[in-house]
Amino acid sequence: MTASAKVSLSADGQRLTLDLDAQPREFAALWLRERTPDAETLDPGTGQRLIEAAELPLDLALEEAEIDGTALALRFNDGHAAHFPLAELRDAQPAENAPRASVAAGRTLWDAGLAEPPRADFAAALDDDATLLAMLDDLHRVGFVLVSGVPTDEDGMQTLIEHVGPLRRTNWGGIADVKSVANAYDLTMTQRGLEPHTDNPYRDPIPGYIWLHCLTNAADGGANTLVDGYRAAQLLRERDPAAFECLTRVTPGFRYQDETTWLESEGPLIELDSQGRVSRVRYNNRTERVAALPAEELARYYAARRAFYELLTSDELTVHLKLDPGQMLIMDNYRLLHGRGAFELAGGVRHLRQGYVDRDSTASRRLVLRRRLAENRMEETA
Ligand SMILES: [Fe+2]
């Protein structure tokens with residue numbers, strides 16, 4: 001890396017250009033100053049900032065910058081000097097000519113041709129951190145995992161949930177039934193089929209992961225359907241860019257009400273991150289409430305929503321999967337749409353349970369496990 005690294009400063013010293021492997025990246029002197037990884041600026045244990053960044057001079061400049069091995073040696077005009085690892089600067093800013101990705105790195109998009117769902121074993125994931133990390137990596141990459149060997153008692157999945165992140169409690173409790181009942185308060189509890197949807201876009205935050213556990217599934221029909229919402233959004237962007245743009249811009253509300261609960265939130269059907277990549281999909285026909293926008297805007301929205309819906313319900317994208325007793329699905333609710341075929345209770349009993357786990361705690365578990373296992377490997381080889 002260092003062989004092809006070059007650095008230069010603007011005349012006023014407020015901008016630094018770093019050329020890594022012939023790819024120029026520009027950094028503001030003030031940004032480098034407030035992020036310099038030394039014990040005076042950042043706490044060595046947590047990486048949290050110790051200086052008050054907002055009090056740094058707005059015209060702060062660099063007086064010197066040179067490559068020193070694998071780091072950039074910097075001296076600022078407030079007297080501060082520091083070394084900044086080149087690898088951190090490479091990660092901090094994509095190269096200007098890097099190709100634009102449709103989703104964040106590390107995701108594998110799929111469609112109906114998905115050969116095999118990612119699988120994990122319940123007991124192995126509970127007992128062995130490397131297996132748990134592989135499961136969480138698959139969940140991150142593909143958006144779902146099929147787990148076998150789950151105890152078929154009512155809260156059978158709870159031990160693994162607690163091992164990953166706290167169970168999210170909602171107005172429906174912790175782990176709740178998904179089964180057919182009279183006077184159903186939610187359409188999930190009837191025997192009718194369910195169109196593909198994401199869960200609970202009316203909550204804030206929206207549940208990050210759905211854990212769906214099958215205790216009995218003797219009913220005829222009732223197979224789960226899964227669609228990769230990132231893939232659907234990517235296809236919409238390719239085939240109908242105006243529809244894609246409209247669904248990233250128009251922000252419908254979502255509402256759930258019953259006697260004791262009133263939940264409301266809002267957000268676009270396709271949400272982009274700061275780099276223009278698809279980061280979240282919302283689709284929940286039953287609870288969506290678009291505002292009474294001007295007629296032309298609504299006409300664009302309705303056409304775009306239909307185009308997206310046609311993709312989300314297409315054979316091209318739909319994977320069918322019937323859960324057996326003792327299996328569970330963990331699904332990324334910011335990415336996957338799930339549904340089910342209609343089922344006939346005359347054929348038997350269908351009893352599933354589901355719980356939610358938040359996104360931040362799941363990501364934290366994966367990242368900490370990865371760091372810990374890497375440290376263990378380094379210790380073993382040392
Ligand atoms: Fe659902």
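Colleague: How many bridges join β11 to β22?

Modeller: This is a predicted model: local features need pLDDT of at least 70, side-chain atom pairs count only at pLDDT 80 or more, and totals for chains, interfaces and linings use all residues. Residues are numbered from 1 along each chain as its sequence is written. Helices (H or I, at least four residues) and strands (E, at least two) are DSSP runs, numbered from the N terminus. Strands β11 and β22 run antiparallel, and the number of bridges that join them is 2.

Colleague: Which residue of β22 is the bridge partner of leucine 194?

Modeller: Two strands pair if DSSP finds at least two bridges between them. For leucine 194, the bridge partner in β22 is arginine 340.

Colleague: Which are the edge strands of the sheet with the order β11-β22-β14-β20?

Modeller: This open sheet has 4 strands and antiparallel pairing. From one strand to the next, the twist averages 20°. An edge strand here pairs on one side only, and the two that do so are β11 and β20.

Colleague: What angle does the direction of α6 make with that of β14?

Modeller: Axes are lines fitted to C-alpha atoms, for helices over the stretch in contact, and angles run from 0 to 180 degrees between N-to-C directions. Helix α6 packs on the sheet, where it touches β14 and β22. Its direction and that of β14 make an angle of about 50°.

Colleague: On how many sides of α8 do its buried residues lie, and over what arc?

Modeller: A residue is buried if 20 or more other C-beta atoms lie within 10 Å of its own, exposed if 12 or fewer, and partly exposed in between, with C-beta atoms placed from the backbone. In α8, the buried residues are Tyr301, Ala304, Arg305, Phe308, Leu311 and Leu312. The arc is taken from the directions that lead from the helix axis to the C-beta atoms. These residues lie on the same side of α8 because they cover an arc of only 115°.

Colleague: Which exposed residues does the other face of α8 carry?

Modeller: The buried residues pack against elements including α6, α7 and β22. The face turned away from that buried side carries the exposed residues Ala295, Glu296, Ala299, Tyr302 and Arg306.

Colleague: What span does helix α8 reach from its first C-alpha to its last?

Modeller: The expected span of a helix is 1.5 Å times one less than its number of residues. Helix α8 has 18 residues, for which 26 Å is expected. The span it reaches is close to that, at 25 Å.

Colleague: Which strand gives the most residues to the largest nonpolar core?

Modeller: A nonpolar core is a set of buried Ala, Val, Leu, Ile, Met, Phe, Trp, Tyr and Cys residues joined through C-beta atoms within 7 Å. The largest one has 57 residues, and Trp211, Ala232, Phe308, Met328 and Ile330 touch the most other members. With 6 residues, the strand that gives the most is β12.

Colleague: How many residues are in the other core, apart from the largest?

Modeller: Among its members are Leu18, Leu74, Phe76 and Phe84. This core lies apart from the largest one, and its number of residues is 15.

Colleague: Which residue of β6 is the bridge partner of leucine 74?

Modeller: Strands β5 and β6 run antiparallel and are joined by 5 bridges. They belong to an open sheet in the order β4-β5-β6. In β6, leucine 74 has as its bridge partner alanine 82.

Terms used. Contact = placed C-beta atoms within 7 Å.
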